[in-house]
Every structure is written in structure tokens, then in C-alpha cells.
Amino acid sequence: MAAQIIDGKAIAAKARKALLPRVEALKAKGIAPNLTVILVGDDPASAVYVRNKERAAKELGFLGGVLRLPAETGQEELLTLIKHLNDDEQVHGILVQLPLPGHILESAVLAAISPQKDVDGFHAVNAGRLMAGRPLFAPCTPKGVMRLLAESGIETRGKNAVVVGRSNIVGKPMAMLLLQADCTVTIAHSKTQNLAALCAGADLLVAAIGRPKFITTEMVKEGAVVIDVGINRVGEKKLVGDVDFDGASKKASFITPVPGGVGAMTIAMLMENTVEAAERALAPC
Ligand code: NDP
């Protein structure tokens, strides 16, 4: 049976629309959510991601914008800028676009962002809170996956979930959120043995690897829910996921496409986290 395709664009549009009354309520109290994005250097993919974030923030009437810094920007200069933004009460969300140029230590930069303004949810405090089941900000991509599941009416309780990929920004927080949603979770990675068999046993399979069409039809269980986080550029313009969509969609019950699946959700969840940050600034918890 052909899988039901999860329309990430539509669900993301719904999530963004649901923010409008919250933004209006904040504005009525004299607060406009402010998301300030820092982009260092001229990585073309990062420039596209940042433009999309900028556009979504503008559409919702946020203040802030993008601070575009040259690739030579020093680490101390960047840390000073972050400190300034941390101290600025008008700023609710700070996002430093990754990857950073090689001479800047990513961990030092992420640690410098105030956890209260860390709308990406990458600060160690926020990672710890997520682990403890009390997230302040859940990272946007895994949070977006959970929203896709909920909006599609997919039951997670007791499901056998396999997350392929263990990065701090996708795989690990994804596994935590699925665990909190009562899945039995396995995290797989490049050293995992018998990966194909492991995936083929999953009721819910999340691929966050960064390898085009790595998850083949044989690795998908009949009736499984397949979530493809991967974004891989193939050739000049084509984007493909980590899952062989054509084959997997013949076996899965639900599947996300690439593009138009998880990617659309990431930005919507960033907007949601920023609104949450602004609401908390008004009524600190
Ligand atoms: P990373 O490169 O940080 O992590 C990739 C993970 O995949 C690692 O844990 C790695 O294992 C694992 N892996 C690599 N090769 C294999 C293999 N042969 N078998 C099993 N596991 C393997 O990537 P990210 O987590 O940052 O991103 C993953 C993908 O998701 C990328 O395509 C990225 O573009 C996309 N992405 C999409 C977003 C969206 O909005 N849709 C947002 C963020 C990312 P190990 O740890 O052992 O090296």
C-alpha cells in the first residue's frame, strides 16, 4: 500500500499561522518578538537558510534581523557581540548560524548565548533540560518532527523507534523527544552493527545521516512511519533526503518527502521558540 505523504509545508504554515495571535497579544503589551541571527562568512547554503529565517520572521512581524559578519571575524569579537545581545532586553532570540569558520570554536560560541535566548536549543543547559524532561527550548528540527507526528495523528506510545544519526542538533534531541513520547528508542550511528536489520525492525524510523538515499526499501518495515531529516544536494539544484523515497513509500504507512517535509518545520519551530522566549521575557518562569 502506498504511504500517506506528510505535508510538512502545510503543517508548517499552520504552525506559523497559529503564532499570529500570540504575536499580536505580545504587541498589545508593547513587546515585539525579536530574533537576531548572526551569520559569519559566506557559505552559500547558510546564506539560503538565513534568508529563509529572515523572511519567516518578517512575515510574522518580528523585530531583529540578520547581522552578517565577514569570514575573518575573530572569536572574541563574536563573543562580545553575543554578550551585547544577551544584555539587550529588546532581543528575545539569538541564533548563530552553523557551521562557523574553522578558526572559531563552535562550542565556545554556543555556550556564550544566554540559555533564555537560545532559541535553537543548542546550549548545554537547554540540552540538559531536554534530557531531564523539562525543555526550555527543544531544538527546532526534532521539535518539528514531533509536531509532524502529532498533526498526522501518529501514535508514538510503545512504538519501537530507531533514530539513525547521533548529532547534538538532530539525532540525540530527536531520541530524547521520542523517549518522552513513550517510544522505545534506539540511536544508530556509523559504528552500529547490523544497521539494516535494526532499521527493518522499526515502527518509526528517523533518518538524520546526511547521505543521499542511504535508507533503502529493504531497511523499511511494512507499515512503518518514515521521517527523513536528511537534506542532500545532488547535482546543481536537486535536493534528496537520506531515504530512498520511491521504494520506501511503497512500504511505509507515513513518510515525509524531501523537500517539503521536515525542512519546512524547522523554521516554523524556530519562530515558535522565539515567540515563547518573548512570552517568557514578559512573564519569567
Ligand atoms: P551530522 O553529520 O552531524 O551527523 C550525521 C550522523 O549520521 C552521525 O551521527 C553519523 O554517525 C551518522 N552516520 C553517518 N554515516 C553513517 C552510516 N554510514 N551509517 C549510520 N550512521 C551514519 O549531521 P546532522 O545531524 O547535522 O544532519 C543530518 C542530516 O540532516 C543532514 O543531511 C543535514 O543536512 C540534515 N539536516 C536537516 C535539517 C532540516 O531542517 N531538515 C536540519 C539539520 C540537519 P557518527 O556519529 O558515528 O559519525
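How many nonpolar, polar and charged residues does the shell around the ligand have? In this predicted model, the shell is made up of ten nonpolar, ten polar and two charged residues. The ligand is surrounded by 22 residues in total, of which R166, S167, S190, I231 and T266 are the closest. Helix α10, spanning residues 262-282, supplies three residues, the largest share of this shell.

The position of the ligand was then considered with respect to the pockets of the protein. The space that the ligand takes is the largest pocket. Polar contacts to both side-chain and backbone atoms were identified at this site. An N or O atom in the side chain of S190, a residue listed among the closest to the ligand, lies 2.6 Å from an oxygen atom of the ligand. On the backbone, a polar atom of V229 is found 3.3 Å from a ligand nitrogen atom. For H189, a polar backbone atom is likewise paired with a nitrogen atom of the ligand, at a distance of 3.5 Å. Taken on its own, the ligand has 920 Å² of accessible area, and the protein covers 72% of this area.

At the level of the overall architecture, the protein is divided into two parts: domain 1 comprises residues 30-114, and domain 2 comprises residues 139-264. The centres of domain 1 and domain 2, taken over C-alpha atoms, are separated by 28 Å.

Terms used. Residues numbered from 1 in each chain as written. Predicted model: local features only at pLDDT ≥ 70, side-chain atom pairs only at ≥ 80, totals over all residues. Heavy atoms only, no water. Near = heavy atom within 4 Å. Polar contact = N/O pair within 3.5 Å; in protein donor to acceptor, adjacent residues only side chain to side chain. Areas by Shrake-Rupley, 256 points an atom, 1.4 Å probe, with all protein chains shown as cover. 1 Å grid on protein atoms, 1.4 Å probe; cavity = no way out; pocket = protein on both sides within 12 Å on 5 of 7 lines; lining within 4 Å. Sits in = over half its atoms within 2 Å of the grid points. Helix = DSSP H or I, 4+ residues; strand = E, 2+ residues; numbered from the N terminus. Nonpolar A, V, L, I, M, F, W, Y, C, P; charged D, E, K, R; others polar. Domains from an automatic or database assignment.
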